[in-house]
There are 2 protein chains.
Amino acid sequence: MLYLIGLGLSYESDITVRGLEVVKKCKRVYLEAYTSILMAADQSSLEQFYGREVILADRELVETGSDQILAGAQEDDIAFLVVGDPFGATTHTDLIIRARELGIKVEAIHNASVMNAVGACGLQLYQFGQTVSLVFFTDSWRPDSFYNKVMENRKIGLHTLLLLDIKVKEQSIENMARGRLIYEPPRYMDIATAASQLLEIEELRGEKAYTPDTPCVAISRLGSPSQTFKAASLKELAEFDSGEPLHSLVMLGRQVHDLELEYLYQYVDNKDEFKKLVEADQEYFKPPPYVAPVENDDEDL
Amino acid sequence: MLYLIGLGLSYESDITVRGLEVVKKCKRVYLEAYTSILMAADQSSLEQFYGREVILADRELVETGSDQILAGAQEDDIAFLVVGDPFGATTHTDLIIRARELGIKVEAIHNASVMNAVGACGLQLYQFGQTVSLVFFTDSWRPDSFYNKVMENRKIGLHTLLLLDIKVKEQSIENMARGRLIYEPPRYMDIATAASQLLEIEELRGEKAYTPDTPCVAISRLGSPSQTFKAASLKELAEFDSGEPLHSLVMLGRQVHDLELEYLYQYVDNKDEFKKLVEADQEYFKPPPYVAPVENDDEDL
């Protein structure tokens, strides 16, 4: 059996009781170590908590060496640990499909992920549209595919969760070209970088998917001991020191309920000014005023 | 301190290790018992698992008696247990705002909820639009506000998670009018009822947000020992026996990736027919074909 086990967001003890029982009985335990990190734990603290060896699974191993992970899983129990919930990243679907091809049963043990824990900021989960990802811009690569998606969400009034880039065990282009397995230090996008990239693309595209005054919520270290939220305009957040990783950003939609706003006031510098931002932003993509249909039997329908 | 602790989806042991440690040390432990249920556990099995008393908190207590729940929480630790994650339902935001007014610290211990665990069906979470709720129709109340939201999601190509109604500890109108505290047996909407209500509203509205042939995924007992998925057209699901609760439904959007489709094939009766449904459904809300802009300096821009 292949067990995919979510680890939650931060502590060793964020694993579920059932997940922990399974980890203890498995023959091998892999930790997916390239799409996210636990904020208050690492490989060695997990090994201590579980009382057993944990094998780090990097991108190469998961994407090209999945048969190695799955070896013997027809008879033995193998655990594959994922930060958050196992169904956050595409690659794990690959692993499950491969397991099934090999006749290996698969069971998932779910946990919290940013996709649902983001509700802790006080915005209602059912008011969120599609989630988008922001990658680190480079000199030659500044992808803006997120822009249309934010626009789509905002046109129908919804909030947008923006997941910020994480670079773990990446090679420089030079090292990759020379085939040297030397890795860059890990990088985690902070709130100021994310906000600046968003502002740059709005300036280039100019389609007013949002403005420098659009209200957002900076979410830092969600589910960890030092979790913080900050609600401010995008341009204020471009100057914001968000501290240690991990971070996510939420851009508000037009449909902000009073209860949501009330909750966000805890995280603002100035309640009245934030309220003004929200009200001004709601003018964007406002539905046109209702016009009663004209009754006219002669017209074609 | 008020601890809001997510219980996950099904078993007693779906609580996190950290959540369990907190439950054991709290002075009082409440279980929110009206917006959802654990599928493989109940009050008495939780009491046995925790080794302590668990107080059922019904809607009256949470919505009008929150000060009773919060009594003494300035000094003592109180746990409020919620099926899924604590930030699934609006009412708990109320409780947190009230706690803060009373000077009580609040900490959330997150867990899986249907909002993220739905990824287990193989559809990518970031391809979902806003989540909608379907309530039981009555003779006089057949609300269709979900329809516009499904339409909005589908117009931009996104999947829709539909949460199905749960009626726990509800009074009949007659008993309510007579002030008799007699409650109806619990009811959980099944897939056939949900699909039939969707078809009824499409027939009434006729705006083609979806059709009887639109592909959907029935999600039954997510995260429980008897979890099942069934992918089929809406009209097929209107005849589908989905078994014991709980159920959710996902309506597919236009942007179905090959990997998503590949994954869904496990849950279909006939792979080729399902593929045809998906292809036909993708014609809805298809973006207009690309037309190259005409270069003409004389025209106004």
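# Notebook: salt bridges, a helix and an interface

I began with helix 3 (residues 59-64) of chain B, where B:Arg59 and B:Glu63 are 4 residues apart and therefore separated by about one helical turn. The model I was reading is a predicted one. I then looked up how these side chains meet, and found a salt bridge between B:Arg59 and B:Glu63 at 3.5 Å, N to O. I checked the accessibility of each partner. B:Arg59 has 38% relative accessibility and counts as partly exposed. B:Glu63, with a relative accessible area of 41%, is also partly exposed.

**Entry: further salt bridges**

I noted the total next: over all chains, the structure holds 34 salt bridges. One that I examined in chain A pairs A:Arg142 with A:Glu200, whose closest N and O atoms are 2.7 Å apart. I asked which parts of chain A this pair ties together. A:Arg142 lies in the loop between strand 6 and helix 7 of chain A, and A:Glu200 lies in helix 9 of chain A, so the salt bridge links parts that are 58 residues apart in sequence. A:Arg142 is partly exposed at 38% relative accessibility, and A:Glu200 is partly exposed with a relative accessible area of 27%.

In chain B I also recorded the salt bridge of B:Arg180 and B:Glu174, at 3.6 Å from N to O. B:Arg180 is partly exposed, its relative accessible area being 32%. For B:Glu174 I read 47% relative accessibility, which counts as partly exposed. I then looked for salt bridges that share partners, and found that such bridges join A:Asp14, B:Arg18 and B:Glu107 into one network.

**Entry: where chain A meets chain B**

That network led me to the contact between the chains. I counted 2 salt bridges between chain B and chain A. In one that I looked up, A:Asp14 pairs with B:Arg18, and the closest N and O atoms are 2.9 Å apart. I also found 17 residue pairs in polar contact across the interface of chain B and chain A, with both residues of each pair at pLDDT 80 or more.

I asked which helices of chain B each supply at least two residues of the side that touches chain A. They are helix 1 (17-25), helix 5 (90-101), helix 6 (114-117) and helix 11 (258-264). Helix 5 of chain B gives the largest share of that side, 6 residues. By residue class, the side of chain B that touches chain A divides into 21 nonpolar, 15 polar and 7 charged residues.

For the whole contact, I noted 43 residues from chain B and 43 residues from chain A. The size of an interface is often given as the accessible area lost when the parts come together. For chain B and chain A I read about 4000 Å² buried between them, with 59% of it on carbon and sulfur atoms.

**Entry: chain A as a whole**

I turned to the overall features of chain A. Its secondary structure comes to 12 helices and 12 strands. The C-alpha trace of chain A spans about 70 × 50 × 40 Å along its principal axes. Of the 301 residues in chain A, 53% are buried. I also looked at contacts in chain A between residues at least 6 apart in sequence, and 74% of these join residues at least 24 apart.

**Entry: helix 7 of chain A**

I asked which residues of helix 7 (residues 145-155) of chain A are buried. I listed A:Phe146, A:Tyr147, A:Val150, A:Met151, A:Asn153 and A:Arg154. These residues cover an arc of only 165 degrees around the axis, which means that they sit on the same side of helix 7 of chain A. On the other side of this helix, A:Ser145 and A:Lys155 are exposed.

I then traced what the buried residues of helix 7 of chain A pack against. Their partners in chain A are strand 6 (132-134), strand 7 (160-164), helix 9 (191-205), strand 12 (247-251) and helix 12 (271-281). Just after helix 7 of chain A, I noted that A:Gly157 takes a positive phi of about 85 degrees.

**Entry: B:Asp165**

My last search was for B:Asp165, which I found in the loop between strand 7 (160-164) and strand 8 (166-167) of chain B. Is B:Asp165 buried or exposed? With 11% relative accessibility, B:Asp165 counts as buried. A polar atom of the B:Asp165 side chain lies 2.9 Å from the backbone nitrogen of B:Phe136. Leaving aside residues up to four places away in sequence, I recorded that B:Asp165 touches B:Leu134, B:Val135, B:Phe136, B:Arg187, B:Tyr188 and B:Met189.

Key:
Residues are numbered from 1 along each chain as its sequence is written. Chains are lettered from A and ligands numbered from 1 in the order in which they are written. Side-chain values use heavy atoms; hydrogens and water are left out. Contact means heavy atoms within 4.5 Å. Buried area is the accessible area (1.4 Å probe) that two parts lose on being put together, summed over both. A salt bridge is a side-chain nitrogen of Lys or Arg within 4 Å of a carboxyl oxygen of Asp or Glu. A polar contact is a pair of N or O atoms within 3.5 Å; within protein, one must be able to donate a hydrogen and the other to accept it, and residues adjacent in sequence count only if both atoms are side-chain atoms. Ala, Val, Leu, Ile, Met, Phe, Trp, Tyr, Cys and Pro count as nonpolar, Asp, Glu, Lys and Arg as charged, and the others, Gly among them, as polar. Buried means under 20% relative accessible area, exposed over 50%, partly exposed in between (1.4 Å probe, protein chains only). The arc is that of the directions from the helix axis to the C-beta atoms.
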